[in-house]
Structures are given as C-alpha cells and as structure tokens.
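Please open the model in your viewer, with the sequence panel beside it, and follow the selections below in the order in which they are given.

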Amino acid sequence: SSVNLTSATLNGSIDETGGEDATEHGFAYGTSADLSTVIATTTLGLYESTGSFTDSVSGLTQATIYYFRAYAINSVGTSYGTIESFTTATPINITTCAELQAMSDDLSGNYFLSNDIDCTGFDPNEDGKGFIPVGSLNDETQFTGTFDGNGHTISGLTINRPDESGMALFGNVNGGTYRDVTITGSIEGYQNVGSLIGYSGSGNL
C-alpha cells in the first residue's frame with residue numbers, strides 16, 4: 001500500500017471465483033484490529049475473472065493505524081481477504097530556517113510550518129550562496145514528500161546561485177503536495193527558478 005498523511009492506496013486480489021465473476025469488490029477498512037468496527041467500505045463494482053486491484057481512500061487521520069481487507073461478492077457468496085494494516089504518516093514540525101534546510105536529510109518526509117520563519121542571513125555553507133534548495137537537479141535528488149505552510153510566511157529566503165538550475169525552496173520535486181505558504185526574499189539561478197518550486201516532474205500545488 002502507498003500511504004501518505006491522510007490517504008492511502010490499498011491493494012487486493014481475487015484469486016478464485018468459484019466459476020462466477022464478482023458482481024462487486026472493494027475494501028473494508030477501520031481502526032479496530034479485527035475490523036469489528038468498519039469506518040467505510042469502498043465499492044468498485046464488477047470484476048471479471050481473477051487478478052489484482054487497487055483503490056484509494058482519503059480523509060484519514062494522521063499518525064493512525066488502520067486495518068483493511070479486500071472483499072468480493074458473486075452469486076456463490078462473499079469472500080474476504082486477510083486483514084492487513086498500515087499507519088498514516090506523522091508530519092514533521094518546522095519552526096526555523098535551519099529546520100527547513102534539514103528537509104534535505106529526508107526527501108520523502110511530510111512537513112508543516114507552525115509559525116512564520118525569517119531566513120534573513122541564513123547561509124549554511126557560509127559561501128555567500130545562501131539557502132541550499134531541497135532536492136537538486138545537479139545531484140538528481142528529488143523531494144517526494146509533502147509540505148503544508150499552514151498559512152505562514154517564509155521571509156528573507158536568499159539563494160544566490162546564478163550558474164545553477166532548479167533554484168527555489170524545493171529545487172527538484174517529483175510528486176508530493178505543496179500548499180498554503182508565502183515566500184519572500186531574493187532567489188537567483190540559471191534555469192527553473194521559482195520561490196516554492198524550481199523544477200517539478202509532477203506534484204500538487
């Protein structure tokens with residue numbers, strides 16, 4: 001299963017049909033280990049023959065263990081798969097510019113701002129180039145996590161790298177979600193220059 005802060009993609013399969021195609025299939029999920037209490041059931045409809053299937057669920061609670069199992073219904077009856085589990089991600093609180101920079105240490109993390117951040121004068125390598133973008137086109141590293149600004153502002157962000165591409169808070173991203181943040185400052189680069197994202201393979205803003 002693919003798991004994020006509040007959503008997950010569930011995997012299941014129909015291995016035997018008893019000679020009849022499934023008229024309905026999907027997943028049941030909840031927070032009780034035996035699924036005695038089911039939060040919701042996804043309905044995917046007809047499924048011909050056997051094989052694997054997936055479905056996405058959303059509106060989940062962060063940092064919570066969920067249990068799920070696949071099911072299929074046909075004229076023979078209802079069959080259930082084994083109960084599996086997953087845990088939704090725990091967001092990482094960011095309060096300083098140094099903590100923003102430290103996102104480079106975990107490019108698949110889930111981050112949120114709990115206050116405005118002033119990055120004025122922040123230059124971790126003390127080379128006059130300022131903030132080092134999270135995810136790099138030069139190193140072919142990509143940020144794939146999530147970032148929620150919670151309506152806060154990052155001010156004084158300085159990046160002075162006129163010969164480098166992918167200059168922004170996030171220099172190179174692939175997937176992920178980025179939202180609700182204001183960024184001010186001075187950012188210089190060669191190509192793919194922005195405030196929040198420099199280069200994006202894909203992602204949600």
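Begin by selecting Ser104, which in this predicted model lies in the loop between α1 (97-101) and β10 (110-113). Its relative accessibility is 29%, and because buried means under 20% and exposed over 50%, Ser104 counts as partly exposed.

Keep Ser104 selected and add the residues that it touches: leaving aside residues up to four places away in sequence, these are Pro133 and Val134. A distance label drawn from C-alpha to C-alpha between Ser104 and Val134 should read 5.1 Å, although the two residues are 30 residues apart in sequence.

Next, follow the chain out of the loop into β10, and display β12 (residues 146-160) with it; the two strands run parallel and are joined by three bridges. To see a pairing at the level of residues, select Tyr111, whose bridge partner in β12 is Phe147.

Which strand do two bridges join to β12? Select β11 (residues 117-118), which runs parallel to β12 and is joined to that strand by two bridges; here Ile117 stands opposite Ile154 in β12.

Finally, keep β12 on display and add β14 (residues 177-188), noting that these two strands also run parallel and that ten bridges join them. Within this pairing, select His152 together with Val181 of β14, since these are the residues to inspect as a pair that stand opposite each other.

Note on methods. Residues numbered from 1 in each chain as written. Predicted model: local features only at pLDDT ≥ 70, side-chain atom pairs only at ≥ 80, totals over all residues. Heavy atoms only, no water. Helix = DSSP H or I, 4+ residues; strand = E, 2+ residues; numbered from the N terminus. Buried < 20%, exposed > 50% of the residue type's maximum accessible area, 1.4 Å probe, protein only. Contact = heavy atoms within 4.5 Å. Pairing = 2+ DSSP bridges.
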